[in-house]
Amino acid sequence: MPDPTPTSSSPRGAEITPERPVLVLGGGPAGLTAGYLLANRGKPVIVLESSDQVGGIARTEVRDGYRFDLGGHRFFTKSKEVDELWHEIMKGEFLRRPRRSRIYWRRRFLEYPLQGMDVIKKLGPWELMLCMLSYLWAAVKPKGREENYEEWVSNRFGRRLFNHFFKAYTEKVWGVPTNEIRAEWAAQRIKGLSFFSAVKSAFLGNRGNQITSLIGEFNYPRFGPGQMWEKMTEDIRARGGEVRLNAPVTRMRVESGRVVEVVAGGETLTPSHVISSLPLRTTVGITEPEAPGRVRDAARGLRYRDFLTVLLVLRQKNIFPDNWIYIHEPDVRVGRIQNFRSWSPWMVPNDEDGSVGLEYFCFEGDDLWTMKDEELVELATGELVQIGLARPGMVKRGFVVRVHKAYPIYDAEYAERVATIRGWLETIANLQQVGRNGLHRYNNSDHSMLTAMRAVDNILLGADHDIWAVNAESVYHEEYVEPEQPYKKPPSPPAMEQPLASER
Ligand SMILES: Cc1cc2nc3c(=O)[nH]c(=O)nc-3n(C[C@H](O)[C@H](O)[C@H](O)COP(=O)(O)OP(=O)(O)OC[C@H]3O[C@@H](n4cnc5c(N)ncnc54)[C@H](O)[C@@H]3O)c2cc1C
């Protein structure tokens, strides 16, 4: 079909030709979206991916036929455009899956979202009374100063509920003691939640599906999220575009305010336009001539929380019915456990085995990150048994996947650093940053993809979308999948209702 959009050069870049294709850096959800849309319009495009697999941090790992999702990726969006694109790609392969999740606490499993009668039953009358007394004590005699997260939450829920349901999980996710997290963070991120609103939602439920976390169903590709990215890659190639794997981008030469050369996998390419989903730190680091010192300093200062998942194959089909369980116990290090058969039965290659992913939040280089794979499998197996979810001998084998830069950190300086980098990026006319780490923004895959859609519009339609504004002023409840940021809020965070801080 002839392409109605102009191919002439735009203020952003040169004319798109086979000799000067659009270069897309990174083959995660954002990069592939750009590649897909450009290839659909018959534009020469090359997606350059450093690893041997597409999908980035939303990929599906396959080991001996067992498919593992890194973190459990629910497909839910309020963006019609993204939803339509997902369905266009997946067609009948997009399953509608029921959601079940619980909190593991003191050898008990509490339904999450909380259900009033379940809480009463699981806590028992004695513990309920102690929690109530502790709450009343905090209400009557609140701690005067609220300097940290611990004081802020304890004042509103009582010390006992804080200890049971806030402390351990928050510390696991962010690796910071709760008395070192600023109270301001709690005030921003747990906005709208009080003892009474938690009780109300536990008894009355999620009326009108207002809160994403409480939505009882979501979409999921039959073979895990990787199927979406693999299908997009196939489609890009079928339409004449390229997706190159094992092609790390190592250099980007800028002349007169334009990217004139990109070196990937040892080959030098000449772009008309560049759409980059590389972490901001990487984009700045590979540019030649070097970015100004203050920009390089800002980029080097950006921080990330990393993550690893231990994938265990089990001799039993279903050790629990949930999609995932939050582990609030402080005496085990695991933070969350995914049950892949519940996400989709097609994640397991036979009808006998089960498979789970034990998630450990960490920093690259710390003791967990550097532990040998066999030790991690042993640790995860031991913790699964300790929690009471498996018996010794039930684990057949295990694998470890380490995920770099899983969460961009919003620390006290990040906003200023991003602003400095952004100012410099704006001097390069044919370069657009997109995605999650590409914008150092806490984007889920829908918003990561939306930023790429906007970047493509800017090139093909001459639009002037501000990519940095995507998901900045949205009313989207992001809280549904990932850890909240104890460091600092994003520029314009969504209003948050966060039942007991456990849905991360
Ligand atoms: C634990 C966890 C759970 C999540 N759950 C959900 C969920 O339930 N629902 C949801 O919608 N989202 C979820 N997300 C978010 C989702 O994973 C991200 O929004 C999405 O993957 C971001 O896409 P991206 O393309 O911007 O970046 P990435 O996925 O990070 O992709 C970037 C790509 O660039 C490549 N790259 C890096 N450097 C180079 C280089 N020098 N040269 C070439 N290529 C390079 C990387 O290999 C990678 O493939 C979750 C994230 C995490 C960590």
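Which residue in β13 is the bridge partner of Leu-25? In the predicted model described here, that partner is Ser-276. The pair belongs to the contact between strand β1, which spans residues 22-25, and strand β13, which spans residues 273-276; these two strands run parallel and are joined by four bridges.

The protein as a whole contains 15 helices and 20 strands. Of its 504 residues, 60% count as buried, and the exposed area of the protein comes to about 20,100 Å², of which carbon and sulfur atoms supply 52%. Among contacts with a separation of 6 or more, 74% are accounted for by residues 24 or more positions apart.

Strands β1 and β13 are members of an open sheet of five strands, arranged in the order β9-β2-β1-β13-β20 with parallel pairing. Because β9 (242-244) and β20 (431-433) each have a single partner strand, they stand at the edges of this sheet, and one side of each is left without a neighbour in it. On average, and with direction ignored, neighbouring strands of the sheet are turned by 15 degrees against each other. Helix α15, formed by residues 445-460, lies across β1, β13 and β20, and its direction makes an angle of about 170 degrees with that of β13.

A further open sheet is built from four strands in the order β12-β11-β10-β14, and here the pairing is mixed. The edge positions are taken by β12 (267-269) and β14 (287-288), each of which has a single partner strand, so that one side of each lacks a neighbour in the sheet. Strand β10 (residues 249-255) pairs with β14 in the parallel sense over two bridges, and Met-252 stands opposite Thr-287 of β14. A cis peptide bond, with omega of about -10 degrees, joins Glu-288 and Pro-289, and Pro-289 itself lies in the loop between β14 and α10 (293-301).

Strand β16 (residues 324-327) pairs with strands in both senses. With strand β6 (residues 101-105) the pairing is parallel and extends over four bridges, whereas with strand β17 (residues 336-339) it is antiparallel and extends over three bridges. Tyr-326 takes part in both pairings, as the bridge partner of Ile-103 and as a residue whose bridge partner in β17 is Arg-336. In a regular strand the side chains alternate between the two faces of the sheet. Within β16, Trp-324 and Tyr-326 point one way while Ile-325 and Ile-327 point the other way, and all of these residues are buried.

A search of the whole structure finds 35 salt bridges, and the examples given here differ in their surroundings. Glu-61 forms a salt bridge with Arg-59, the closest N and O atoms being 2.7 Å apart; Glu-61 is buried because its relative accessible area of 9% is under 20%, and Arg-59, with a relative accessible area of 15%, is likewise buried. In helix α2, Glu-84 and Lys-80 lie four residues apart, about one turn of the helix, and their side chains meet in a salt bridge with an N to O distance of 3.0 Å. Glu-84 is partly exposed at a relative accessible area of 45%, and Lys-80 counts as exposed at 63%. Glu-261 forms a salt bridge with Arg-251, in which the closest N and O atoms are 3.7 Å apart. This pair links strand β11 (residues 258-264), which holds Glu-261, to strand β10, which holds Arg-251, the two residues being ten residues apart. Arg-251 counts as partly exposed, at 24% relative accessibility, and salt bridges that share partners join Arg-251, Arg-253, Glu-255, Glu-261 and Glu-288 into one network.

Two lysines have a positive phi although neither is a glycine. For Lys-91 the angle is about 45 degrees, and this residue is found in the loop between α2 (80-90) and β5 (94-98), where it counts as exposed at 55% relative accessibility. For Lys-405 the angle is about 50 degrees; this residue is found in strand β19 (residues 395-408) and is buried, with a relative accessible area of 19%.

At the surface, Trp-126, Met-129, Met-132, Leu-133 and Leu-136 make a nonpolar patch of about 530 Å². Trp-126 lies in helix α3 (residues 116-140) and, at 59% relative accessibility, counts as exposed.

Notes
Residues numbered from 1 in each chain as written. Predicted model: local features only at pLDDT ≥ 70, side-chain atom pairs only at ≥ 80, totals over all residues. Heavy atoms only, no water. Patch = residues over 30% accessible without salt bridge, like charges linked within 9 Å, V, L, I, M, F, W, Y side chains within 5 Å. Areas by Shrake-Rupley, 256 points an atom, 1.4 Å probe, with all protein chains shown as cover. Salt bridge = Lys/Arg side-chain N within 4 Å of Asp/Glu carboxyl O. Buried < 20%, exposed > 50% of the residue type's maximum accessible area, 1.4 Å probe, protein only. Pairing = 2+ DSSP bridges. Axes fitted to C-alpha atoms, helices over the stretch in contact; angles between N-to-C directions. Contact = heavy atoms within 4.5 Å.
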